[in-house]
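Take a moment with the fold before reading on. The paragraphs below walk through it piece by piece.

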Amino acid sequence: MIEPVGPQYGGGALADVLPSVAAALSVPDFKNTLELPPASRYAVLLFDGLGWNLLKRYAESAPYLSSLLSAGRSLTAGVPSTTAVSLTSLGTGLPPGAHGMVGYTSIVPETGALLNALQWDAPVDPWKWQPHTTVFDRVAAAGVVTRNVSKVRFEKSGLTRAAFRGSLHRGADTVEDRLDATRFASREGSSSLTYVYDSQLDYTGHGHGCDSPQWRAELVAADAFAAQVRAALPRDAVLVVVADHGMIDVAAENRVDLDNEPELTDGLRLIGGESRFRHLYCVDGAVDDVLATYRERLGDRALVLSREEAVARGWFGAVEDRVAPRLGDVVVAALGPLSVVASRRFPQEAGLIGLHGSLTADEMEIPLLVDAGR
């Protein structure tokens, strides 16, 4: 079995990025765990889906980003290694067990509904779902101008309100708009923190695979955009480039379809998570049977753990009492070439090629690249 990569909360995880930036901006009561250089202006550029291993593998397609590799380092995503979880860890500086975003989809314990954290398709108050003060809140309170440059439609999303409250949203749907917004935001006030989000690598990887010509072409475009962001910043600003997770390709023959194997849905009341990291919510008394069935069916291609076992491994950090019921009674973390799909319940997900969510190095390890300019 492939050995899982454990999250390095507090010592080298995505959740450590903004607290380190805040400390580098001289905001009190933050620790510069990542030893970022002091400056009065920072921009954090996040590429959705740009894994550390992918960047190294295709370094020739990204000359600007790869020029920062030798002085950079890898961090880990949190668990599961998926966008909603990672962005909330970035914005709050907290692991999933504290901020409460525990998957692409997860149960709302109070109602039994399934919340898609990207679409925010259940009537859940983002402030109650994620009640902690964000890093943006604290940085803004210290007088630093905080801006969030991403797509227009994200401004009022539940995820934005949970993860990025405290920053003023600058809607920008094109490269030119994002660059203009970044150029302006990074010069506001006497001190500034500008967050910039780009989703195209992830989108392309899901549809075509991350080892496809299409993904490499998108990496060329991402590299050019990163260089343009650096050029748009004041010379004394520091640019930090990170990602939310990596990605692997899983062939169709390596899909296990829960909707075609009735024994895999026996004892389940709800299926959450995503195909590389499933949260399975069981009917009363069924946990042991579900554990045994999945362990036998998946073998060494996945770690199948009870909620208590996964929590004990530190996957989610310290888990608050309000968050624990959102985790699956059983969690399935794919480590081999495997996706656990549900083709009738989630037809769009079942056809994806590039995937993420689990604890392999390709999914968990992400870049931390720093360009101090000047």
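Which residue follows helix 4, and what is the sign of its phi? Helix 4 is followed by Gly 93, and the phi of Gly 93 is positive, near 75°. Helices here are DSSP runs of H or I with at least four residues, strands are runs of E with at least two, and both are numbered from the N terminus.

This is a predicted model, where local features need pLDDT of at least 70, side-chain atom pairs count only at pLDDT 80 or more, and totals for chains, interfaces and linings use all residues. Residues are numbered from 1 along each chain as its sequence is written, and side-chain values use heavy atoms, with hydrogens and water left out.

Start with the sheet. It is open and mixed, with 7 strands in the order 2-17-8-1-7-5-6. Two strands pair if DSSP finds at least two bridges between them. Strand 2 (73-76) and strand 6 (168-171) are at the edges with a single partner strand each, so one side of each has no neighbour in the sheet. From one strand to the next, the twist averages 25°.

Now look at strand 1 (residues 41-47). It runs parallel to strand 8 (residues 238-243), and 6 bridges join the two. Leu 45 stands opposite Val 241 in strand 8. Helix 11 (residues 213-232) packs on the sheet and touches strand 1, strand 7, strand 8 and strand 17 (365-371). Contact means heavy atoms within 4.5 Å. The direction of helix 11 makes about 170° with that of strand 1. Axes are lines fitted to C-alpha atoms, for helices over the stretch in contact, and angles run from 0 to 180 degrees between N-to-C directions.

Return to helix 4 (residues 83-92). It lies across strand 1 and strand 7 (192-198), at about 175° to strand 7. Because 10 of its 10 residues are buried, helix 4 is largely enclosed by the rest of the structure. Buried means under 20% relative accessible area, with a 1.4 Å probe and protein chains only. Its cover includes helix 1 (17-24), helix 5 (96-99) and helix 7 (135-141).

Next comes the interior. The largest nonpolar core has 78 residues, and Leu 193 is among those with the most contacts inside it. Such a core is a set of buried Ala, Val, Leu, Ile, Met, Phe, Trp, Tyr and Cys residues joined through side-chain atoms within 4.5 Å. Leaving aside neighbours within four places in sequence, Leu 193 is in contact with residues including Leu 18, Tyr 42 and Phe 136.

Terms used:
Buried means under 20% relative accessible area, exposed over 50%, partly exposed in between (1.4 Å probe, protein chains only).
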